[in-house]
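Got a structure open and some labels to justify? Let's go through them one by one and see what makes each label stick.

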Amino acid sequence: MLAFEDAQRYLADYAPPLTGTETVRLDEAAGRVLARALTAALDMPPADNSAMDGYAVRCADAAPGVALPVQQRCYAGQAPEALLPGQAIRLFTGSLLPDGADAVAMQEDAEEADGMVTISRPPLPGQHIRRRGEDVAAGAILLEAGCVLGPGHIALLASQGMAEVPVFPRLKVGILTSGDELVAPGEARAPQQIYNSNGAMLAALAAGMGARVAARRHARDVEDELRQAFAELARECDLVLSVGGVSVGERDLVKPVLAGLGAELDLWKVRMKPGKPVALARLGATPVVCLPGNPVSAYVVFALLVTPLMRRMQGRGECFPPVGQLPLASGAQRKDCGREDFLRVRLESDARLHPHGRQAAGIISALPGSSGLARLPADRQLADGDRVAYYDWRHWLA
């Protein structure tokens, strides 16, 4: 069995980033991965302007109790006159600073009547002014290649007048489920059958990573059906995820089917619980990750082992999200199985990780009630309050 870190790194390095780029409209760029670094064309702000509603003044003129004529009222988007000595110009947040002014007096510190303004608390030189380029200077790097574009990135690019952005292609993921016992949700179910939760779950997980689920297949435990499904998905997709049929039972046919298609398994078992049976292969140029059939195991393996590979193929700058260190709310008693345990936990308001009451691999109901995974070292019992590694779903599934 491979150590968890070795398996994680092996998968992350298994396939290169997708080649090519495409240009998308800025309002369609959320969740896409930036394909090249972008440079600021403009200073931001592009000119000195008022940081609040008030009056542009010369500090030398704005003595307490002195009334100054209001020379002009200048709204944001209008061009101000040059400020004359001994006068003031009424400004609003975002109004350009007039030539000759060296500060803005807040309207809360001023009283205007009959075209005159009296300032009770004069501003200091430069006060309440946003200076040209103080946010971004022209020529500076705005964003590095490999970042996933979110609302903040899009706001920054829009402020530079960019209407389009270069991004990597969406990763096309194919999903294959297998098993005679599975029926699709919504269909009639015989007593010996269960509903196929893995297909919908993996599709949702892949979409949450910003990938496009290009194709989904289900095959019975029949070699010909599996062979055809694998071949089709490998042709249509950049990455194939199969679930089930990868263990050592008589009906676990994935390994011989892949071998028959000319693929070699590069990875077989990982020293982790849940999720020991994991296989990695390549059909032509398409990587295939074979996940365990248990939905909880597949979920955990996807989060910890598959997402680093997906991030690399997407061209992201960071393949591994942060891992926290937090106290476990209670000691975890477990059998000596020689594998690291990944417990479904919830981070509560006491800043401690509370394990779900049932950790068996078949307890799907523990997934929506968890906020992430706590990693417990192999062959070691933990006491209440011991700190453990924490894999937050918010980071590891995004």
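Q: How do you know that Tyr391 counts as buried or exposed?
A: Tyr391 has a relative accessibility of 3%. Buried means under 20%, so Tyr391 counts as buried. Keep in mind that this is a predicted model.

Q: What makes the pair of Phe342 and Tyr391 stacked, tilted or edge-to-face?
A: Start with the distance: the ring centres of Phe342 and Tyr391 are 5.9 Å apart, and rings pair if their centres lie within 6.5 Å. Then take the angle: the planes are 65 degrees apart, and over 60 counts as edge-to-face. So the Phe342 and Tyr391 pair is edge-to-face.

Q: Which parts does the pair of Phe342 and Tyr391 tie together?
A: Phe342 sits in strand S23 (residues 340–347) and Tyr391 in strand S26 (residues 387–392), so the pair links parts that are 49 residues apart in sequence. Phe342 has 1% relative accessibility, so it counts as buried. These two rings also belong to one aromatic cluster, made up of Phe4, Phe342, Tyr391 and Trp396.

Q: Why is the pair of Tyr10 and Tyr14 called tilted?
A: By the pairing rule there are seven aromatic pairs. For Tyr10 and Tyr14, the ring centres are 6.2 Å apart and the planes sit at 35 degrees. The cut-offs are under 30 degrees for stacked and over 60 for edge-to-face. An angle of 35 degrees meets neither, so the pair is tilted.

Q: How do you know whether Tyr10 and Tyr14 are buried or partly exposed?
A: Tyr14 has a relative accessible area of 10%, and under 20% means buried, so Tyr14 is buried. Tyr10 comes out at 37%. Exposed would need over 50%, so Tyr10 is partly exposed.

Q: What makes Arg282 count as lying over the face of Tyr14?
A: Arg282 is 4.0 Å from the ring centre of Tyr14. The distance limit is 6 Å, and the charge must also be within 35 degrees of the ring normal. Arg282 does lie over the face of Tyr14. The charged end of Arg90 gets the label too, sitting over the ring of Tyr55 at 5.0 Å from its centre.

Q: Why is H3 called roughly parallel to H6?
A: Two packed helices are described by the angle between their axes and the distance between the axes. Helix H3 (residues 197–208) and helix H6 (residues 295–314) pack at about 30 degrees, with axes 11 Å apart. Angles under 35 degrees count as roughly parallel, so that is the label for H3 and H6. Their crossing is right-handed.

Q: What makes strand S7 and strand S8 edge strands?
A: Look at the order of the open sheet of six strands, S7-S4-S6-S5-S9-S8, which has mixed pairing. Strand S7 (103–106) and strand S8 (110–113) each pair on one side only. The twist averages 40 degrees from one strand to the next.

Q: How do you know that strand S4 pairs with S7?
A: Strands pair if there are at least two bridges between them. Strand S4 (residues 54–57) and S7 are joined by four bridges and run antiparallel. As one example, Gly54 has Met106 in S7 as its bridge partner.

Q: In what sense do strand S17 and strand S21 pair, parallel or antiparallel?
A: Strand S17 (residues 239–243) and strand S21 (residues 286–291) pair in the parallel sense, over four bridges. Ser242 stands opposite Cys290 in S21. Both strands appear in an open sheet of six strands with the order S16-S13-S17-S21-S20-S18 and mixed pairing. Strand S16 (212–219) and strand S18 (267–269) are the edge strands, and the twist averages 15 degrees from one strand to the next.

Q: Why are some backbone angles worth a look?
A: Because most residues other than glycine have a negative phi, and most peptide bonds are trans. Ala351 has a positive phi near 65 degrees, and lies in the loop between S23 and strand S24 (353–355). His128 has a positive phi of about 65 degrees.

Q: Which peptide bond into Pro45 is cis?
A: The one from Met44 to Pro45, with omega near -5 degrees. The bond from Lys273 to Pro274 is cis as well, with omega near 0 degrees.

How values were computed: Residues are numbered from 1 along each chain as its sequence is written. This is a predicted model: local features need pLDDT of at least 70, side-chain atom pairs count only at pLDDT 80 or more; totals for chains, interfaces and linings use all residues. Side-chain values use heavy atoms; hydrogens and water are left out. Helices (H or I, at least four residues) and strands (E, at least two) are DSSP runs, numbered from the N terminus. Axes are lines fitted to C-alpha atoms, for helices over the stretch in contact, and angles run from 0 to 180 degrees between N-to-C directions. Rings of Phe, Tyr and Trp (its six-membered ring) pair if their centres lie within 6.5 Å; planes under 30 degrees apart count as stacked, over 60 as edge-to-face and the rest as tilted. Buried means under 20% relative accessible area, exposed over 50%, partly exposed in between (1.4 Å probe, protein chains only). Angles under 35 degrees count as roughly parallel, over 145 as roughly antiparallel, 65 to 115 as roughly perpendicular and the rest as oblique. A crossing is left-handed if the near helix is turned anticlockwise from the far one by less than a right angle, and right-handed if clockwise.
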